[in-house]
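Visitor: Could you give me a close look at one part of this model, the surroundings of ligand 1? Please also show me where that part sits in the chain.

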Amino acid sequence: MIRLENVYKTYPDGTEAVKDLNLEISKGEFCVFLGPSGCGKTTSMKMINRLISLTSGKIYVDDKDIMSFNPNELRRNIGYAIQNIGLFPHLTVWENIATVPMLKKWSKQKQLDRAEELLELVGMDPSVFMYRYPSELSGGQQQRVGVARSLGADPDILLMDEPFGAIDPITRSKLQDEFLKIQAKIKKTIAFVTHDIEEAIKMGDKIALMKAGRLVQYDDPATLLTYPKDEFVRNFVGADRVLKGLRLYKAKDVMKEPPVTVKIDEDPARVKKRMEESNTKWSMVTDEKDRFIGWIASDDIKGSKSIKEIYKPPTVTAGPDTPLNEALSMMINSTIGTLAILDEDGKMLGVLSFDIIRDMLGQEESEQQKETKASGEKS
Ligand SMILES: Nc1ncnc2c1ncn2[C@@H]1O[C@H](COP(=O)(O)OP(=O)(O)O)[C@@H](O)[C@H]1O
Ligand SMILES: [Mg+2]
């Protein structure tokens, strides 16, 4: 747990980088410091492990004032990862990862074991990479080693300053996904700095949005997107905040049972009747083994003898864990505007449509309004 109370930082030249910052990061929580360049994110983060001194206020780690620790000791117990990682070029990968374990005087064997374990955790084969030098790695691999190094001595807390900032977008997105999987396992308490709203929404349990040294809003991503506190937040999250919010949901959270499904060997005339009765224009067609094979339009049935002749194979399908923003863009690209959600074997799990997504967003909004109202009544 990390708690900042009335924290101020004024640099010697008079720059007021952080003003009256109050914030708590619960144990196991991923907190993102977000805001435009120069708003005080890095300064705030570096005060937690005393790489920068506080001008006034208090910071507590697990209810202990950070000033009561020896600064070196404090830093060794807080993992730290930054942009361009700053791996030591003259040290091998495993020695880089073992930096803190070495300082903590772990046995050589324990250091090696730990480096191996962490390389595996970040998806790099130890037998290939342990003895390489940083210059022999790609940017993405270096960044993975940087993350592994920050976890070296298994600290409870991680500070990460734009750790994926200098990486191409595709590798970056992959590293983000991988890191989220790792975090689901290791459940560290994380303070993560970024200026990228998309990254913040994707990664954070909570987002601390800062402006000119002050905390403007501290909320979970959905609340930040649905209820921006003021004009600054609204502008920062962007006019497409509803679209951005879609990434917080997965297809399986929202999909519905398909209203009508059709077996490949059914009689077309009866199918047409069923579809007209339920007022559906498109139905999902499944094969003998219940696997989804395509769509059929009631208009196309007319006098056809078999469904086989007229069904249309799908252009795209999604899985239960496809984020809703991706699902929506697949739907926009597809001719029928409806998306089949399939399991790994191609069996049908459900269906998504524009109406389903719109209804879901409407519900979210009214639920949040109720909550806001309820909490307003209490106070
Ligand atoms: N060592 C320093 N001396 C003086 N001003 C600094 C120093 N470091 C940062 N600043 C200033 O403090 C403000 C906040 O900086 P920083 O915390 O690095 O912002 P961010 O990480 O949000 O981009 C900026 O105006 C920056 O120029
Ligand atoms: Mg910074």
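**Around ligand 1**

Guide: Start with the whole chain. The centres of domain 1 and domain 2, taken over C-alpha atoms, are 43 Å apart. Keep in mind that this is a predicted model. Domain 1 covers 2–245, and domain 2 covers 252–358.

Now go to ligand 1. Begin with Tyr11, Asp13, Thr15 and Ala17, which are among the residues around ligand 1. The list then continues with Gly35, Ser37, Gly38, Cys39 and Gly40. Lys41, Thr42 and Thr43 complete the list. These numbers fall inside the bounds of domain 1.

Which helix should you look for? Helix α1, residues 41–48, gives the largest share of the shell, with three residues. Next, sort the shell by class. Seven residues are polar, three are nonpolar and two are charged.

Look next at strand β2, which spans residues 16–25. Ala17, from the shell, has a number in that range. Aspartate 20 is also found in this strand. Aspartate 20 is not a glycine, yet its phi is positive, about 50°. Is aspartate 20 buried or exposed? It counts as partly exposed, because it has 14 C-beta neighbours inside 10 Å.

For a comparison, find lysine 187. Lysine 187 also has a positive phi of about 50° without being a glycine. Its place is a loop, between α8 (169–186) and β8 (189–194). With 13 C-beta neighbours inside 10 Å, lysine 187 counts as partly exposed.

Key: Residues numbered from 1 in each chain as written. Chains lettered and ligands numbered in written order. Predicted model: local features only at pLDDT ≥ 70, side-chain atom pairs only at ≥ 80, totals over all residues. Domains from an automatic or database assignment. Near = placed C-beta within 6 Å. Helix = DSSP H or I, 4+ residues; strand = E, 2+ residues; numbered from the N terminus. Nonpolar A, V, L, I, M, F, W, Y, C, P; charged D, E, K, R; others polar. Buried ≥ 20, exposed ≤ 12 C-beta atoms within 10 Å, placed from the backbone.
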